[in-house]
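Okay, thanks everyone for squeezing in. I'll put the structure up, and then we'll go through two pieces of it.

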Amino acid sequence: MKDLVLIGGGHSHAIVLKMFGFKPLPGVRLTLISDVLHAPYSGMLPGHVAGFYDYDECHIDLCSLAEFARCQIVVDRAIAIDFNKNLVICQTRSPVNFDVLSVDIGSTPATLSVAGAAEYAIAAKPVPEFLASWNQLISERQNHPQKPLRIAIVGGGAGGVELALNMQSRLGKEEGRRKKKEGIGKKEEGIGNREENLENLSSEIHLFHSGAELMPAHNHRVRRRIQEILITRGIQLHLKEKVCRVKKIERETNPQFPSDYQISCKSGLELECDRIFLVTQASAANWIRESGLAADSNGFMQVNDCLQSVSHPNVFGAGDIAAMVNCPRPKAGVFAVRQGKPLFENLQQFLLEKPLKPFAPQEQYLGLIGTGNKRAIASRGNFMWESRLLWYWKDWIDRQFMQKFSNLPKTRNTK
């Protein structure tokens, strides 16, 4: 019996489990190590923040997948690999034996360069912690709707921009509901959903970016249009501002609605705010390099064209945590999804002691950026298109992907 252990329930591993369910290998025992039983799907998370999708619609049920694949689940977080004994070291559970290993644990925003960020800011990943903080904020808004709110988002890439627009949309809806309840407005929705200046909102969103333009990975037309939308909607931009410090404000008095934190930039700009969200450059878990796996300068696991570690042949990797040596690509969910099938095929080939199959990811991909109002902007190379139809097309694509993991056995299979 050979032990194949999957660390992490990312998009690639979800596909691997589904395919093992359809095509099991005799003599292979599957184990999934995951600290969550419901894996978030990145394509629908901005819509979930805006309130367009509920929790179940944008999370993959790993229990059902594991049962379908005849895979046991160890509910824990991997913290190291002992290659001398072929053991995965877990945070609280006993070590897990492996013969073949696959890693798909994603990434987290880098915090080391910003003093105090690890203690006082909320990173966009891991997603469960981020969503818990966001849901708590929404609950506070519902209980104290007239309390002024100021949110700071650090990171002006596509992730930070989408987060700002979708957060504003959700906060606008909450304000619309309050005004309707109080008889102030006629519609529950509308505030935050149209390109209008939202000066009457009791919440502010500030977006900090160290560069001169937002979303540097996209073409000029997309960057210009996104900036127009943000400014029109009253989201305050702080370009060419390098955030260097986050601290908690210690007050001698206790005003009725104090801001709890302060964000400081190298330029001297300081801003008091109630929440600080980080959507900065991705970083890797320290234990990847510390375990002896070959890693790039940012700590991401280096893999070859077959998604196989360049230092340990019995270890594979996919998703954000993996850096393809010959085909470097951005950290985007679309690549993790595309890696699912070739990862499954090469895991089976390795277990069967057959030659591996090289995989070449596409050089460009179509980015669909949701603007928080059920519209989207398409970006690919020098191409740009903005339309409500794009959002519904993206919604269809995302729902089709999630449909692949539905109607599976629901019985829990945990260890």
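Before the sheet, a quick word on terms: I call two strands paired if DSSP finds at least two bridges between them. And keep in mind that this is a predicted model.

So, the sheet. It's an open one with 3 strands, in the order β6-β7-β8, and the pairing is antiparallel. Which strands stand at the edges? That would be β6, residues 78-82, and β8, residues 96-97. Each has a single partner strand, so one side of each has no neighbour in the sheet. Looking at β6 and β7, the latter being residues 87-90, you get 4 bridges between them, running antiparallel. If you want a spot to click on, take A80: its bridge partner in β7 is I89.

Right, over to helix α10. This one covers residues 388-403, so to speak 16 residues, and spans 23 Å from first C-alpha to last, close to the 22 Å expected at 1.5 Å a residue. Which residues of α10 are buried? We have L390, W391, K394, D395, D398, F401 and M402. Down the helix axis, the buried residues of α10 fall within an arc of 140 degrees, so they line one face. Swing round to the other side and you'll find L389 and W396 exposed.

What do those buried residues pack against? Quite a list: α1 (11-22), β4 (59-61), α9 (333-351), β23 (367-370), β24 (376-380) and β25 (383-387).

One last detail, at the N-terminal end of α10: S387 caps it, with a side-chain oxygen 2.9 Å from the backbone nitrogen of L389. That's me done.

Terms used
Residues numbered from 1 in each chain as written. Predicted model: local features only at pLDDT ≥ 70, side-chain atom pairs only at ≥ 80, totals over all residues. Heavy atoms only, no water. Helix = DSSP H or I, 4+ residues; strand = E, 2+ residues; numbered from the N terminus. Expected span 1.5 Å × (residues − 1). Buried < 20%, exposed > 50% of the residue type's maximum accessible area, 1.4 Å probe, protein only. Arc of directions from axis to C-beta. Contact = heavy atoms within 4.5 Å. Polar contact = N/O pair within 3.5 Å; in protein donor to acceptor, adjacent residues only side chain to side chain.
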